[in-house]
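Trainee: I am new to this structure. Please take me through the charged side chains slowly, and then through the core and the rings around them.

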Amino acid sequence: MKSGNTPDNEALERLRNDVEKHIGRKLVSPADFVFLSDRLQQEGLGYVSSTTLKRVWGYIADKGDGYSPSNFTLRALSGLLGFMDWSEYRTDTSLMQSREYVGEYVDVRFLAPNTEVSLLWQPNRKVRLRLIAPWLFEVIENENSRLRVGDTVECRCFTQHAPAFFRVFRPNVAPISYIAGSAQGIFYVIHSAPNVMP
């Protein structure tokens, strides 16, 4: 039986696919693995060698019956996708495989300029956003999330008790995909009324 930190084949395959979607390229050549290694470092997730990444993707075979990535490698790759660690990624993405979200939502198109939105999600995460352009918010407050005050984030809608999906923009860093509340969803509060549809 696998331990909580050991990836099963299905979860590891899902991680590889999600990373490739996130960086916008398939990892099929040595240059691709160097690119990913550099990207992890640029985003402050630590150094994972291109050789290690080749092993994770099966580009080179490891000795023995199979290769099991280290916790550090799994945490770095999960962090690239906006998760705190491998355990959170594996649990949350497994839950998302079969969940359907229906509920109260707000379409960002109908929010007035400078509308502020608070987002809360587990565990103890809170972010306050200010609408600065169509679909673009500035992060003005942050508690315990990987977002940073001053980040610009793109989001199209917020749904109560469902995950929120962002594109995060920071100076001198490639855009980052980020999921808030991937397991239990977010709770949002609008601090000024949205525009009324004509």
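Mentor: A salt bridge here is a side-chain nitrogen of Lys or Arg within 4 Å of a carboxyl oxygen of Asp or Glu. Keep in mind throughout that this is a predicted model. The structure holds 10 salt bridges. Start with the one between R109 and D107, where the closest N and O atoms are 2.7 Å apart. That distance is within 4 Å, so the pair qualifies. The two partners do not share a degree of exposure: R109 counts as exposed, with 52% relative accessibility, while D107 is buried, with a relative accessible area of 18%. The reason is in the cut-offs, because buried means under 20% and exposed means over 50%.

Next is R16, whose salt-bridge partner is E13, with 2.6 Å between the closest N and O atoms. Both residues belong to helix α1, which covers residues 9-23, and they are three residues apart, about one turn of the helix. In this pair R16 is buried at 16% relative accessibility, and E13 is partly exposed at 36%.

R156 has two partners to consider. One is E154, with which R156 forms a salt bridge, the closest N and O atoms being 3.4 Å apart. Both ends count as partly exposed, R156 at 44% relative accessibility and E154 at 24%. The other partner is a ring: R156 lies over the face of W135, 3.8 Å from the ring centre. R25 offers a second example of this arrangement, since its charged end sits over the ring of F35 at 4.1 Å from the centre. Salt bridges can also be joined up, and E116, R128 and R130 are linked in a network of them.

R125 is worth a longer stop. Its place is in strand β3, and at 8% relative accessibility R125 is buried. A polar atom of the R125 side chain lies 3.5 Å from the backbone oxygen of N144. N144 is also in the list of residues that R125 contacts beyond four places in sequence, together with M84, E88, L119, L120, E143 and S145.

Through L119 we reach the core. Apart from residues up to four places away in sequence, L119 touches R125, K126, V127, L129, F158, F166, I186, F187 and Y188. The largest nonpolar core has 23 residues, and L119, L129, F137, V153, F158, F166 and I186 are those with the most contacts inside it. Two or more residues of this core come from each of β2 (116-121), β3 (125-133), β4, β7 (164-170) and β8 (173-180). There is also a second, separate core of 22 residues, which includes L45, V48, L53 and V56.

Now the rings. A pair of aromatic rings is described by the distance of the centres and the angle of the planes. The structure has five aromatic pairs. One of them joins F33 and Y59, with 5.2 Å centre to centre and 55° between the planes, which makes it tilted. F33 is in helix α2 (residues 30-42) and Y59 in the loop between α3 (50-56) and α4 (71-80), so the pair ties together parts that are 26 residues apart in sequence. F33 is buried, at 0% relative accessibility, whereas Y59 is partly exposed at 37%. Another pair, F137 with F158, is edge-to-face, with 5.6 Å between the centres and 65° between the planes. F137 lies in strand β4 and F158 in strand β6 (residues 157-159), so this pair ties together parts 21 residues apart in sequence. Both F137 and F158 are buried. Returning to the other pair, F33 and Y59 belong with W57 to one aromatic cluster.

Finally, look at a glycine. G150 is found in the loop between β4 (136-143) and β5 (152-154). With a relative accessible area of 44%, G150 is partly exposed. Leaving aside neighbours within four places in sequence, G150 contacts E138 and V139. The C-alpha atoms of G150 and R170 are separated by 8.2 Å, although these residues are 20 residues apart along the chain.

Terms used:
Residues are numbered from 1 along each chain as its sequence is written. This is a predicted model: local features need pLDDT of at least 70, side-chain atom pairs count only at pLDDT 80 or more; totals for chains, interfaces and linings use all residues. Side-chain values use heavy atoms; hydrogens and water are left out. Helices (H or I, at least four residues) and strands (E, at least two) are DSSP runs, numbered from the N terminus. Buried means under 20% relative accessible area, exposed over 50%, partly exposed in between (1.4 Å probe, protein chains only). Contact means heavy atoms within 4.5 Å. A nonpolar core is a set of buried Ala, Val, Leu, Ile, Met, Phe, Trp, Tyr and Cys residues joined through side-chain atoms within 4.5 Å. Rings of Phe, Tyr and Trp (its six-membered ring) pair if their centres lie within 6.5 Å; planes under 30 degrees apart count as stacked, over 60 as edge-to-face and the rest as tilted. A charge sits over a ring if NZ of Lys or CZ of Arg is within 6 Å of the ring centre and within 35 degrees of the ring normal. A polar contact is a pair of N or O atoms within 3.5 Å; within protein, one must be able to donate a hydrogen and the other to accept it, and residues adjacent in sequence count only if both atoms are side-chain atoms.
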